[in-house]
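The following report walks through a single protein chain, moving from individual backbone positions to helix packing and the nonpolar interior. Please keep the sequence and the model side by side while reading.

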Amino acid sequence: MTLEQQPHQTASNGFQSGSAYYELSRPKYPLESIDFIKTIIPVNGKVVDLGAGTGIMTKFLVEVCQYQVTAVEPVEGMREKLLAAVPGVKAVNGTSWNTTLPSNSQDAVIVAQAFHWFDDLKSLQEIHRILKPEGHLLLIWNMESKKNCRWVEELRNLYEFYDAAAPQYRKNQWQNVWATKEASDLFNVPLQHKQFDYPMPFIRQRIFPRILSKSYIAILPKSEQDELEKKVNAVLNNPEYGFDADPVTGEFIYPHDTDLYWTQKK
């Protein structure tokens, strides 16, 4: 594997050190989106969860959809959490450029919260290789929703300040590869898209661990993380921004948008 085919350093370092926070505090997925996935991928289908992380999507694919799942994840710390969360699932130490899986073997590949880390032609070629004829590729992301929510906007302004060097879904650079002729030779384009509202139940105590789970925050010096936590709490404690949690339990609704894109192998 060449150097340019190694996982992004921010991802590999950040997710290795932040895997415990990731498992604890990252959002799941709205059941409407999982039900919709079931309309695309056949019953009992062979599915790869590519860049599977700690197994958040893997667990849905195995337990709710009952697919035959192979989780591909290059970061050891993430893979360990995945195997603990989804016992018995097949987990592979592989990348988007080299999944190690047989050609024409999978009904679908799903990439949850990760395609922006490997949005290149070589990844699409590898996904195309392992998919069966007319197999599906699905991309899904959760994003904290700023729609009519001032405190979410303020928090995102605080932590997204640090993500300049890191690929991110919100920057839309992941879409560039889909505009190439090479991609259109492999898959049907443009991608189909559906968005789901996700009013996710959450507790205040997990807001900053959620932020720490972001790779570009996980690699910051502890002093900068502590300073950021103070700023986050200042926003949450300021009634001007409208954050409202149960004073006893800390429970509140964390608004998210869930974007699902899908296409089919040519």
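Thr100 sits in the loop between β3 (90-92) and β4, and in this predicted model its phi is near 75°, a positive value in a residue other than glycine. With a relative accessibility of 48%, Thr100 counts as partly exposed. Asn172 also has a positive phi without being glycine, with a value near 70°; Asn172 is placed in the loop between α7 and α8, where, at a relative accessible area of 38%, the residue is partly exposed. A further backbone feature is the peptide bond from Val189 to Pro190, which is cis, with omega near 0°, and Pro190 belongs to the loop between α8 and β6.

Three of the residues discussed in this report can be set side by side by location and accessibility.

| Residue | Location | Relative accessibility |
|---|---|---|
| Thr100 | loop between β3 and β4 | 48%, partly exposed |
| Asn172 | loop between α7 and α8 | 38%, partly exposed |
| Gln192 | strand β6 (residues 192-203) | 45%, partly exposed |

Gln192, in strand β6, is linked to a part of the chain that is remote in sequence: its C-alpha atom is separated by 8.2 Å from that of Leu260, although the two residues lie 68 positions apart along the chain. Once neighbours within four places in sequence are set aside, the contacts of Gln192 are with Leu260, Tyr261 and Trp262.

**The chain as a whole**

The secondary structure comprises eleven helices and seven strands, and 54% of the 266 residues in the chain are buried. Of the contacts with a separation of 6 or more, 78% are accounted for by residues that are 24 or more positions apart.

**Helix pairs**

Two helix pairs illustrate how these elements pack. Helix α7 (residues 150-159) and helix α11 (residues 222-237) have axes 10 Å apart and pack at an angle of about 165°, so α7 is roughly antiparallel to α11. The crossing of α7 and α11 is right-handed, and the contact draws on Trp151, Glu154, Leu155, Leu158 and Tyr159 from α7, which face Leu228, Lys231, Val232, Val235 and Leu236 from α11.

In the other pair, helix α3 (residues 31-40) and helix α4 (residues 56-64) have axes that come within 11 Å and cross at roughly 60°, and α3 is therefore oblique to α4. The crossing of α3 and α4 is likewise right-handed, with Leu31, Ile34, Ile37 and Lys38 in α3 meeting Met57, Phe60 and Val64 in α4.

**The nonpolar interior**

In soluble globular proteins, nonpolar side chains tend to be buried together. Which residues have the most contacts inside the largest nonpolar core of this chain? They are Phe115, Leu139, Trp151 and Trp178, within a core of 54 residues. Strand β5 (residues 131-144) supplies the largest share of this core, with five residues. Apart from this core lies another, of 26 residues, which includes Ile34, Ala52, Leu138 and Phe196.

Trp151 deserves a closer look, as it has already appeared in the contact between α7 and α11. Beyond its neighbours within four places in sequence, Trp151 is in contact with Val235, Leu236, Tyr241, Gly242, Phe243, Phe252, Ile253, Tyr254 and Pro255.

**Helix α6 and the preceding loop**

The buried residues of helix α6 (residues 121-130) are Ser123, Leu124, Glu126, Ile127, His128 and Ile130. These buried residues pack against β1 (46-50), β4 (106-112), β5 and α8 (181-186). At the start of α6, a side-chain oxygen of Asp120 comes to within 3.3 Å of the backbone nitrogen of Lys122.

His116 lies in the loop between β4 and α6. Is His116 buried or exposed? Its relative accessible area is 7%, and because buried means under 20%, His116 counts as buried. The side chains of His116 and Trp117 are joined by a polar contact of 3.2 Å. With neighbours within four places in sequence left aside, His116 is in contact with Trp141, Pro167, Gln168, Tyr169 and Trp174.

How values were computed:
Residues numbered from 1 in each chain as written. Predicted model: local features only at pLDDT ≥ 70, side-chain atom pairs only at ≥ 80, totals over all residues. Heavy atoms only, no water. Core = buried A, V, L, I, M, F, W, Y, C linked by side-chain atoms within 4.5 Å. Buried < 20%, exposed > 50% of the residue type's maximum accessible area, 1.4 Å probe, protein only. Helix = DSSP H or I, 4+ residues; strand = E, 2+ residues; numbered from the N terminus. Contact = heavy atoms within 4.5 Å. Polar contact = N/O pair within 3.5 Å; in protein donor to acceptor, adjacent residues only side chain to side chain. Axes fitted to C-alpha atoms, helices over the stretch in contact; angles between N-to-C directions. Parallel < 35°, antiparallel > 145°, perpendicular 65-115°, else oblique. Left-handed = near helix turned anticlockwise from the far one by under 90°.
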